[in-house]
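Thanks for having me, everyone. I'd like to walk you through one structure today, so let me put it up on the screen.

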Amino acid sequence: MHGHGADGDGDGRPPTGRGRGGPLGAGELGREPGERASLVQFSTAFCQPCRATRRILAEVAGLVPGVAHIEIDAERNLDLVRALGIAKTPTVLVLDAAGRVVRRAEGMPRKADVIAALGEAV
């Protein structure tokens with residue numbers, strides 16, 4: 001299901017513990033986000049498509065200056081998974097420089113789609 005749910009526009013409301021909340025920063029992500037944008041990947045250890053997704057996102061992040069690829073273990077971060085409504089792995093969130101979710105997709109993305117989504121974020 002490529003490009004499923006291009007939502008996640010950061011509706012301006014503070015985080016409430018469920019649904020989409022405010023911007024994501026180092027506290028939620030476990031490391032500093034990218035200077036211009038971040039590709040946040042939720043994965044699980046047994047997820048085969050997560051490996052290919054990791055390669056695609058790392059490659060794109062390497063092509064675009066100021067973009068970070070951040071992988072989050074969904075099983076170890078259940079509070080964040082619930083807060084963001086992550087239902088399956090891989091799920092990829094594209095964050096802008098302020099940490100707002102500008103795109104989200106479930107399943108393994110195509111490289112061209114990732115690059116296009118980054119265009120909205122930077």
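**A walk through the sheet**

So, let's start in the middle: four strands make up an open sheet, ordered 2-1-3-4, and the pairing is mixed. Strand 2 (67–73) and strand 4 (101–106) are at the edges with a single partner strand each, so each has one side without a neighbour in the sheet. On average, neighbouring strands here are turned by 15 degrees against each other, direction ignored.

Before I go on, a word on where this comes from: it's a predicted model, where local features need pLDDT of at least 70 and side-chain atom pairs count only at pLDDT 80 or more, while totals for chains, interfaces and linings use all residues. Residues are numbered from 1 along each chain as its sequence is written, and side-chain values use heavy atoms, with hydrogens and water left out.

Some vocabulary, too. Helices (H or I, at least four residues) and strands (E, at least two) are DSSP runs, numbered from the N terminus. Two strands pair if DSSP finds at least two bridges between them.

Zooming out, the protein chain has four helices and four strands, and from the N terminus on the elements go α-β-α-β-α-β-β-α. Of the 122 residues, 40% are buried, where buried means under 20% relative accessible area, exposed over 50%, and partly exposed in between (1.4 Å probe, protein chains only).

Now to strand 3, my favourite. How many of its six residues are buried? Six of the six, so strand 3 is largely enclosed by the rest of the structure. In a regular strand, side chains alternate between the two faces of the sheet. Here both faces are covered: Thr91, Leu93 and Leu95 are buried on one side, and Val92, Val94 and Asp96 on the other.

What about its partners? Strand 1 (residues 37–43) pairs with strand 3 in the antiparallel sense over six bridges. Leu39 has Val94 as its bridge partner, and Ser38 stands opposite Leu95. Strand 3 and strand 4 also run antiparallel, joined by five bridges, and there Leu95 has Val101 as its bridge partner. Those two strands form a hairpin with four residues between them, and Gly99 in the turn has a positive phi of about 85 degrees.

Let's stop at Thr91, in strand 3. Thr91 is buried, at a relative accessible area of 0%. Its side chain reaches the backbone oxygen of Lys88 at 2.6 Å. Leaving aside neighbours within four places in sequence, Thr91 has contacts (heavy atoms within 4.5 Å) that include Val40, Phe42 and Arg104.

On to the helices. Helix 2 (residues 48–63) lies across strand 1, strand 2 and strand 3, at about 170 degrees to strand 1. Helix 4 (residues 111–121) packs on the sheet, touching strand 1, strand 2, strand 3 and strand 4, and its direction makes about 30 degrees with that of strand 3. For those angles, axes are lines fitted to C-alpha atoms, for helices over the stretch in contact, and angles run from 0 to 180 degrees between N-to-C directions.

Last stop: which cysteines does the disulfide join? Cys47 and Cys50, with S to S at 2.1 Å; the rule is a pair of cysteine sulfur atoms within 2.5 Å. The torsion about that S-S bond is about 90 degrees, so the disulfide is right-handed. Cys47 counts as buried at 6% relative accessibility, and Cys50 is buried at 1%.

Methods:
Polar contact = N/O pair within 3.5 Å; in protein donor to acceptor, adjacent residues only side chain to side chain.
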